[in-house]
Amino acid sequence: MKDTATVEKIKLVDLEAQYQATREEIWSAMRNVVEESAFILGKYVEEFEAGFARFCKARFAIGVASGTDAIILSLRALGIGPGDEVITVPNTAFPTAEAVSLAGAKVVFADVDPETLNMDPREAKKKITKNTKALLPVHLYGQPAEMEALKELCRTHNLLLIEDAAQAHGAEYRGQRVGTIGNVSCFSFYPSKNLGAYGDGGAVVTNDERIADKVRMLRDHGRQEKYCHEIEGYNSRLDALQAAILSVKLKYLDKGNEKRWQHAQHYDKLLSHVKGVITPKVPDTVKSVYHLYVIRVKDRDLLRKKLMEENIETGIHYPIPLHLQPALAYLGLGKGSFPVAEEAASTVLSLPLYPEMTKEQIETVADAVKQHVN
Ligand SMILES: Cc1ncc(COP(=O)(O)O)c(C=O)c1O
């Protein structure tokens, strides 16, 4: 075993490197908010919302407190609640399903495509009942789901289409940025996301003015005017400090996504022919923003251990499929219910990837994977 103390650690994500590149601008933005005491909604939130809507090529972006809330508020704005079913995938972050339950609806899982690990339209179709109101595909790891087939399914069965775009800021499907392909899209600005705040944050993006107005009310206690509450809502406003930080970081998002893409191409080149390694399958119709670079290997846990010994940090997104989470045991879905998602949970491995990585670091990681995979 090598002496890891002498080898510089390669992190899965390095937020410090990103901070160093923008620190003066970030502090200046934060200082403005604090000196003006402009903490709740107001111009910094509006500025960011306008910028993020432009980025998504959408009419409206509404800042909310988190990606989880973006989903809850979108569902409520669409009138989805008790008695309704929403179909999503089991291989996602827990909040995707949790948000459906918190909105009062029933979460229904459909297995994913074995190549892309995104929602499989054929599986989704099988889960449609008379109570189904919406599909909630996830653009997993920054790669858009098969939206044309899902849109067609929604058209045929009169369903709404909600995009969980928490990992996919700027990703494209047939040249269109995610955000306006479905009726509404939900973004997270969790710090490690491609566009990450310095705390929690999220946004709902849509071209539909009625949905935008409703989400704006819901995030602010159901009011449009001070002291007049038309409906019961939430305290789910995007914090102005976070909005000011996000406006700075938004300027660098396209460049960061491009860097991620280049790093992913380099990983592909170095790993796609390695026996025992399955690299991401990206259809020609999509442009991934590689929130994560995820390989699949049979003996995943052993490889992960070996990489850690070489001071290379990795991640697992996600180790437990949602239908097997204790919190969702009430759904009564046992092992074997979703074989593709279950297989993915035991084989996926996220390799280090962030814009500031060097080509040499990518090569170090790829070499170590090659050396240890078999
Ligand atoms: C796919 C997906 N959906 C939803 C969320 C929830 O976002 P947040 O953590 O901002 O609430 C996340 C982030 O964790 C996510 O990755």
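Select the shell around the ligand and colour it by residue class: five residues are nonpolar, eight polar and two charged, where Ala, Val, Leu, Ile, Met, Phe, Trp, Tyr, Cys and Pro count as nonpolar, Asp, Glu, Lys and Arg as charged, and the others, Gly among them, as polar. This is a predicted model, in which local features need pLDDT of at least 70 and side-chain atom pairs count only at pLDDT 80 or more, while totals for chains, interfaces and linings use all residues. Residues are numbered from 1 along each chain as its sequence is written, and side-chain values use heavy atoms, with hydrogens and water left out.

Next, label G67, T68, D164, Q167 and S188, which come nearest among the 15 residues around the ligand (a residue is near if one of its heavy atoms lies within 4 Å). Then show helix 3 (67-77) and helix 4 (94-102), each of which supplies at least two residues of the shell; helices are DSSP runs of H or I with at least four residues, strands are E runs with at least two, and both are numbered from the N terminus.

Now display the polar contacts, pairs of N or O atoms within 3.5 Å. An oxygen atom of the ligand lies 2.7 Å from a polar side-chain atom of S188, and a ligand oxygen is 2.9 Å from a side-chain N or O atom of Q167.

Finally, move to the open sheet, whose three strands follow the order 7-6-12 with antiparallel pairing (two strands pair if DSSP finds at least two bridges between them). Strand 6 (residues 172-173) is joined to strand 7 by two bridges, and E172 stands opposite R177 in strand 7.

Terms used. A polar contact is a pair of N or O atoms within 3.5 Å; within protein, one must be able to donate a hydrogen and the other to accept it, and residues adjacent in sequence count only if both atoms are side-chain atoms.
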